[in-house]
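Trainee: I've just opened this one and could use a guided tour. Can we go through it together, step by step?

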Amino acid sequence: MPEYPIAIVTDREPATDCFDTVIIDKSSFQKRDKPRALQQTPYRKTIYLDTDTYLTDSIDGLFDILDAFELGLRRDQGQSHVPESSQIPRSFPQFNSGVIAYQSTGGVMDMLEDWERRCRPTDKFDQRSLRPALYRSEVRFTPLPNRYNCQYHWKNVVDGPVKIFHGPLVDRAAKSIDLQEAISKLNRSHEVRLHYR
């Protein structure tokens with residue numbers, strides 16, 4: 001398995017030396033800081049992961065899609081963050097930003113800047129500003145299979161081994177699903193399967 005350099009954007013020096021590049025960012029970590037951080041990648045191809053993701057297998061395949069596309073991300077499960085006043089056709093889906101594979105092309109950087117501009121400090125969810133930024137861009141993007149961003153606290157259809165589990169990795173009363181139990185149950189089979197809370 002090839003090894004890839006790993007960068008981190010953080011507000012403090014990490015306690016471990018497993019990163020090849022450390023980018024210190026003292027931003028207030030509002031929603032607009034995510035697209036800003038994505039623009040700081042030192043690499044031509046990048047896989048961005050939210051801090052509440054857990055890898056159980058190699059995700060090298062995400063780099064392969066970047067040979068044909070500029071960006072890959074998972075389609076969100078619904079349109080719950082789409083305002084009724086949206087001028088974008090309702091048929092254009094909402095995407096989840098917890099796992100993003102992308103190239104550092106001019107088009108992608110323009111889209112990330114637009115996403116950052118659209119984020120408001122009061123936004124609770126960055127999907128609301130990501131959706132119009134994607135729609136208005138000229139970026140060639142593709143949806144990722146759910147196994148690369150399995151939001152295990154919600155319903156999902158998955159096919160093949162789940163490689164990235166996405167959700168709180170600590171016990172939260174409202175969503176008290178144990179990660180290890182989810183991994184064991186969901187990866188017991190690699191057939192097409194549905195899981196739900």
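Mentor: Sure, and let's start with a term: a disulfide is a pair of cysteine sulfur atoms within 2.5 Å. Keep in mind that this is a predicted model.

Trainee: How many disulfides does a search of the whole structure find?
Mentor: You'd look for cysteine sulfur pairs within 2.5 Å. Cys 119 is buried, with a relative accessible area of 0%, and Cys 150 is buried at 0% too. Searching the whole structure for disulfides gives a count of 0.

Trainee: In what order do the 4 strands of the open sheet come?
Mentor: Follow the pairings. Strand E3 (residues 45–49) pairs with E6 in the antiparallel sense over 5 bridges, and strand E5 (residues 71–75) is joined to E6, also antiparallel, by 4 bridges. E7 (141–143) stands at an edge with a single partner strand, as does E3, so each has one side without a neighbour in the sheet. That makes the order E3-E6-E5-E7.

Trainee: Which residue in E6 is the bridge partner of Ile 47?
Mentor: Ile 47 falls within E3, residues 45–49, which pairs with E6. Elsewhere along E6, Leu 49 stands opposite Val 99. For Ile 47, the bridge partner is Ala 101.

Trainee: How many of the residues of strand E6 are buried?
Mentor: Look at what lies around E6 (residues 95–103). Helix H3 (residues 106–118) packs on the sheet and touches E5 and E6, while helix H4 (residues 127–136) lies across E5, E6 and E7. Buried here means under 20% relative accessible area, and in E6 the tally is 9 of 9.

Definitions and conventions. Residues are numbered from 1 along each chain as its sequence is written. This is a predicted model: local features need pLDDT of at least 70, side-chain atom pairs count only at pLDDT 80 or more; totals for chains, interfaces and linings use all residues. Side-chain values use heavy atoms; hydrogens and water are left out. Buried means under 20% relative accessible area, exposed over 50%, partly exposed in between (1.4 Å probe, protein chains only). Helices (H or I, at least four residues) and strands (E, at least two) are DSSP runs, numbered from the N terminus. Two strands pair if DSSP finds at least two bridges between them. Contact means heavy atoms within 4.5 Å. Axes are lines fitted to C-alpha atoms, for helices over the stretch in contact, and angles run from 0 to 180 degrees between N-to-C directions.
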